[in-house]
Amino acid sequence: NFERKAMFKYSRFEENTDFSGSTFDDDTTFKYAKFDSNISFSKTKFAEISTFKYAKFKKNVSFANAIFEDSAVFKYTEFNNGVSFNNTNFEEDLDIKYMNVSGDFNITNMKVGYDVDSKYTKINGKSFNKYLLEERE
């Protein structure tokens, strides 16, 4: 558990990293972080504001079954080898403006409590429209 603010700004993760099942009790930032290998945030709980702004993921990343209790920011985030938000619960706003995904984009059973800002978001080179989320229901 991370009881205080978790600041991973500008961090570089060169090896496989597993935060699965972790709890972040305060604000969390991975702003400008670089992930060179596989990373998992599966079943992770983010209790406060979480930001992955400008983060770069080179390999597979999973947020499956994660819970974001406050707003989540993936603005300008790059996923170069797919991302899973399968069964992920965003209880507040989700900002994915300018997010870029190459590869699989799994949003099966993903829920967003309030607004999704997806302006200029690209999934495999195509514009992403937040209304696609509503069409799945």
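**Group meeting: strands, salt bridges and a phenylalanine-rich core**

Let me start with one residue: Thr-28 is buried, at 3% relative accessibility. Buried here means under 20% relative accessible area, exposed means over 50%, and partly exposed is in between, with a 1.4 Å probe and protein chains only. Before I go on, a word on the source: this is a predicted model, where local features need pLDDT of at least 70, side-chain atom pairs count only at pLDDT 80 or more, and totals for chains, interfaces and linings use all residues. Residues are numbered from 1 along each chain as its sequence is written, and side-chain values use heavy atoms, with hydrogens and water left out.

Okay, back to Thr-28. You'll find Thr-28 in strand 5, residues 28-29. Strands are DSSP runs of E with at least two residues, helices are runs of H or I with at least four, and both are numbered from the N terminus. What does Thr-28 touch, once residues up to four places away in sequence are not counted? The list is Ala-6, Phe-46, Ile-49, Ser-50 and Thr-51, with contact meaning heavy atoms within 4.5 Å.

Now let's zoom out to the whole chain. There's one helix, and there are 23 strands. The C-alpha atoms fill a box of roughly 35 × 25 × 20 Å along the principal axes. The radius of gyration is 14 Å, which agrees with the value near 14 Å that a compact globule of 137 residues would have. That radius is taken over C-alpha atoms, and the globule rule is 2.2 Å times the number of residues to the power 0.38. Of the 137 residues, 45% count as buried. Here's one for the contact-map people: among contacts with a separation of 6 or more, residues 24 or more positions apart account for 10%. As for the surface, the accessible area comes to about 7400 Å², and 40% of that belongs to carbon and sulfur atoms; this is the Shrake-Rupley method with a 1.4 Å probe, and for residues only the protein chains shown count as cover.

On to the sheets. One open sheet has five strands in the order 3-7-11-15-19, with parallel pairing. Strand 3 (17-18) and strand 19 (105-106) are at the edges with a single partner strand each, so one side of each has no neighbour in the sheet. Two strands pair if DSSP finds at least two bridges between them, and strand 3 is joined to strand 7 (residues 39-40) by two bridges. In that pairing, Thr-17 sits opposite Ile-39.

Another open sheet, also parallel, runs 4-8-12-16-20 and has five strands. Its edges are strand 4 (23-24) and strand 20 (111-112), each pairing on one side only. Inside that sheet, strand 12 and strand 16 (residues 89-90) pair over two bridges in the parallel sense, with Asn-89 as the bridge partner of Ile-67.

How many salt bridges are there? The count is four, where a salt bridge is a side-chain nitrogen of Lys or Arg within 4 Å of a carboxyl oxygen of Asp or Glu. In one of them, Arg-12 pairs with Asp-36, and their closest N and O atoms are 2.9 Å apart. Arg-12 is in strand 2 (residues 12-13) while Asp-36 is in the loop between strand 6 (34-35) and strand 7, so the pair ties together parts 24 residues apart in sequence. Buried or exposed? Asp-36 is buried at 16% relative accessibility, while Arg-12 is partly exposed at 48%.

Asp-36 also meets Lys-58 in a salt bridge, 3.7 Å from N to O. Lys-58 lies in the loop between strand 10 (56-57) and strand 11 (61-62), so this pair ties together parts 22 residues apart. Lys-58 is partly exposed, at 47%. Put together, Arg-12, Asp-36 and Lys-58 are linked in a network of salt bridges.

Then there's Lys-45 with Glu-69, at 3.6 Å from N to O. Lys-45 is in strand 8 (residues 45-46) and Glu-69 in the loop between strand 12 (67-68) and strand 13 (72-73), 24 residues apart. Lys-45 is partly exposed at 31%, and Glu-69 is partly exposed at 29%.

Last stop, the core. In soluble globular proteins, nonpolar side chains tend to be buried together. A nonpolar core here is a set of buried Ala, Val, Leu, Ile, Met, Phe, Trp, Tyr and Cys residues joined through side-chain atoms within 4.5 Å. Which of the 34 residues in the largest one touch the most other members? They are Phe-30, Phe-41, Phe-52, Phe-63, Phe-74, Phe-79 and Phe-85. Take Phe-41: leaving aside neighbours within four places in sequence, its contacts include Phe-19, Phe-30, Phe-52 and Phe-63.
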